[in-house]
Every structure is written in structure tokens, then in C-alpha cells.
Amino acid sequence: MSDPVPQDAVPQDDGPQDAVPQDAVLQDALPQDVGVGTVLDHVREPEEIPSAGIVSFRNVRKTYNVGEANAFTAIDEVNFVVEDIEGKGEFVSILGPSGCGKSTVLRLIAGLEPQHPPTVGEVRVMGRTVERPGADRGMVFQDYTSFDHRTVLDNVAFGLECRGVPREEREESARHWIGRVGLSVENDQLKYPHELSGGMRQRVAIARTLILRPRIILMDEPFGALDPTTRLNMQDLLVDLWREVEATVFFVTHSIGEAVYLGDRVYLMSNSPGTILEELEVEPPNRPALEMQREVPFQETVFYIRDKIATLEEER
């Protein structure tokens, strides 16, 4: 009689295997360097830095219509921290599949309803729990948000007017920022929004935000409706303005190239309910967008993120 075959030598049929979680797929065997970026081995959490950070999320979930049949969780278990870098600020880009909760993250930082408050967890700005919108945060939306009945000058000066700044002083400051965003003070200050192109109206929206000198600037697809050439020009302009105001910027976009060019840091989100899957540190934009975005290392980073998002989209 022959010896029995050991059980572990016989191929076993264990039946269907559980699907590999999407975060395991993305986190497995991460490369250290990818083109102009470095993929961190994990997403940094608030307790990992000595200071409170300028923005931190701790175990944040946002569910709409809680307890109802149509309840929907947009984001879940979101944890991250962005440091407060004195005299500079960071530019943080947020990418992910459609509907993953990018804008929800932005509006929770802003303290805007109905996204605010979180259902679970805590959102902090400069060490304090976010309770409402504040002057320390400014927001630029994709939709053109200028007041139709106000001139460019009055639109840009609106925030200072709300603060009670005297007319002469606020108009002088508004003219400065009209010029800084690339509009003509002489030709454009007395125009109304309907007389401006899309790119010009977004310049007005950016000037209206920057005139208030917020510590944090939140930008939700601000260039999404612009033509490609204007979009590249606006990217270069935004880099110059960001360096001048030394603010921390959170930038939501569907354009991977735009996110990699502008960002010091890129967060990659999962499918809904969204969480942060990866954190990348990226080389700063030290040359024009048109030039940098043609380079091979830059494209390597773009393709890496593109493939990750494509994988996520296929899993939906």
C-alpha cells in the first residue's frame, strides 16, 4: 500500500474568493518615486505631526438623510492632516472618481451646509473644530458667482464692504487685486459680469477671495468650464498668486494634469463612500504649466494616478 498523500500537497478548492478591497489593491507594493511625485507609504493622520495642523480630519463620515430610506453616505473614515507651513502654505489637490466626495470634503472645511456638520468625526481648522463659515476661509466655485448688478470693482470690493472698510480704501485695494489677477483696471473695473468672458469672470471671483487674505483658500473645479489655453494660463496665474498670499489651498479637480502641476500634495480618494487611499508629495510648479506638463517625469505621475482612478472606475 502506498503512503497517503499529505493533505497540503493536494490542490484545495476553497470555493470563490472574496474580492480584494479597493484600498488593498491601491496600497499593495507602492512605488516610492513616481515621476515628479513620491507616494507615501500611508496617509498621514493628525496625531503624526507635532502641531495641530492647519486642517485635519479625524474619522469623518458624512451621511445625508440619516435614518431615512434614501440615506446616502458620501464619505467615510476620512483621516488626514495638512501642516501649517509658515510663510508658504501648501497647495493640496484632491482627485478621485466621480461622486467620491471631493466637494464634500471641501465644504466641510468651509463649514457650509448641508455638508456641514459631519455625521461622525471631527473637522478642525487651525486646531479648532469647524462650527460655521469664517473669514479665515475663502471659497471659489466652478460656477461664476459674481453679483450681476455690481461692477467688477464693486464685486471685488464686496467682502471689504461687508467688513465696514471705508469706500476709498476698499476700492483702492480692489483695483490692486483686479490688476493682480490679470484684468485691466482701466478697461475692466466698471464692466458688469455679463460683459466678461468665462475666464475673466473667474479672475474676478479669485480677486474677490484673495482681497480678504484668507488663511485657507478652497477651490472647487474653478477652471472646469474654461478652454484649454485659458485653463493653462489660469494655472500659471494661480501659482503666482498663491505664492504672494502664502495661503493653504485645497483644490478639487477632475484634471489629473492640473492637480499634479498645482499640488505640493495630492490626495487620491476611493469610490463612494469616499476615503483617502493615497497621499503623494509632488515637486512644486517651478516653470510654466505648458512646459512642465510636457515633460516625461510629469507624465509618469499623471499616468500613475490615471491608472489608479481607471481601476477604481472599473470596480464601481
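**Group meeting: loops, sheet and cores of a predicted model**

I will begin in the loop between β11 (265-269) and β12 (276-282), where P273 lies. The peptide bond that leads into this proline, from S272 to P273, is cis, with omega near -5°. Please keep in mind throughout that what we are looking at is a predicted model, so that every value I quote is computed from it.

A second cis bond can be found elsewhere in the chain, in that the peptide bond from H116 to P117 is cis as well, with omega near 0°. P117 sits in the loop between α2 and β6. I point these bonds out because most peptide bonds are trans, just as most residues other than glycine have a negative phi.

That second point brings me to two residues with a positive phi. N65, which is not a glycine, has a phi near 60°, and its place is the loop between β3 and β4. E221, again not a glycine, has a positive phi of about 50°, and this residue belongs to the loop between β9 (216-220) and α8 (228-245). Are these two residues buried or exposed, or something in between? N65 has a relative accessible area of 36%, and therefore counts as partly exposed, whereas E221, with a relative accessible area of 9%, is buried.

Let me turn to the sheet, since some of the loops just mentioned adjoin its strands. Four strands make up an open sheet in the order β4-β3-β6-β7, and their pairing is antiparallel. Which strands stand at the edges? They are β4 (72-82) and β7 (128-129), and because each of them has a single partner strand, one side of each is left without a neighbour in the sheet. Further in, strand β3 (residues 55-64) and strand β6 (residues 120-125) run antiparallel and are joined by five bridges; to give one specific position, R61 has V120 in β6 as its bridge partner. Helix α2 (residues 102-110) lies across β3, β4 and β6, and runs at about 115° to β3.

Strand β4 also leads us to the aromatic residues, where the count comes to seven aromatic pairs. In one of these, F80 and F250 have their ring centres 6.4 Å apart and their planes at 50°, so the pair is classed as tilted. The two residues come from distant parts of the chain, F80 from strand β4 and F250 from strand β10 (residues 248-252), with their positions 170 residues apart in the numbering. Both F80 and F250 are buried. Another pair, formed by F91 and W242, is edge-to-face, with 5.5 Å from centre to centre and 90° between the planes. Because F91 belongs to strand β5 (residues 91-95) and W242 to helix α8, this pair ties together parts that are 151 residues apart in sequence. F91 is buried, at a relative accessible area of 0%, and W242, at 5% relative accessibility, counts as buried too. Returning to F80 and F250, I should add that they belong, together with F57 and Y267, to one aromatic cluster.

Now to the nonpolar interior. The largest nonpolar core has 54 residues, and those that touch the most other members are V156, W177, I206, M219, F251, V260 and I305. Which element gives the largest share of this core? It is α8, which contributes seven residues. If we take V156 and leave aside its neighbours within four places in sequence, its contacts are A174, W177, I178, V204, A207, R208 and I211. Apart from this core lies another, of 28 residues, which includes I54, I94, V105 and I276.

I will finish with R163, whose place is in the loop between α4 (158-162) and α5 (167-180). With a relative accessible area of 46%, R163 is partly exposed. Once its neighbours within four places in sequence are set aside, R163 is in contact with A135 and L212. The second of these partners, L212, is 49 residues from R163 in sequence, while the two C-alpha atoms are 9.7 Å apart in space.

Methods:
Residues are numbered from 1 along each chain as its sequence is written. This is a predicted model: local features need pLDDT of at least 70, side-chain atom pairs count only at pLDDT 80 or more; totals for chains, interfaces and linings use all residues. Side-chain values use heavy atoms; hydrogens and water are left out. Two strands pair if DSSP finds at least two bridges between them. Contact means heavy atoms within 4.5 Å. Axes are lines fitted to C-alpha atoms, for helices over the stretch in contact, and angles run from 0 to 180 degrees between N-to-C directions. Buried means under 20% relative accessible area, exposed over 50%, partly exposed in between (1.4 Å probe, protein chains only). Rings of Phe, Tyr and Trp (its six-membered ring) pair if their centres lie within 6.5 Å; planes under 30 degrees apart count as stacked, over 60 as edge-to-face and the rest as tilted. A nonpolar core is a set of buried Ala, Val, Leu, Ile, Met, Phe, Trp, Tyr and Cys residues joined through side-chain atoms within 4.5 Å.
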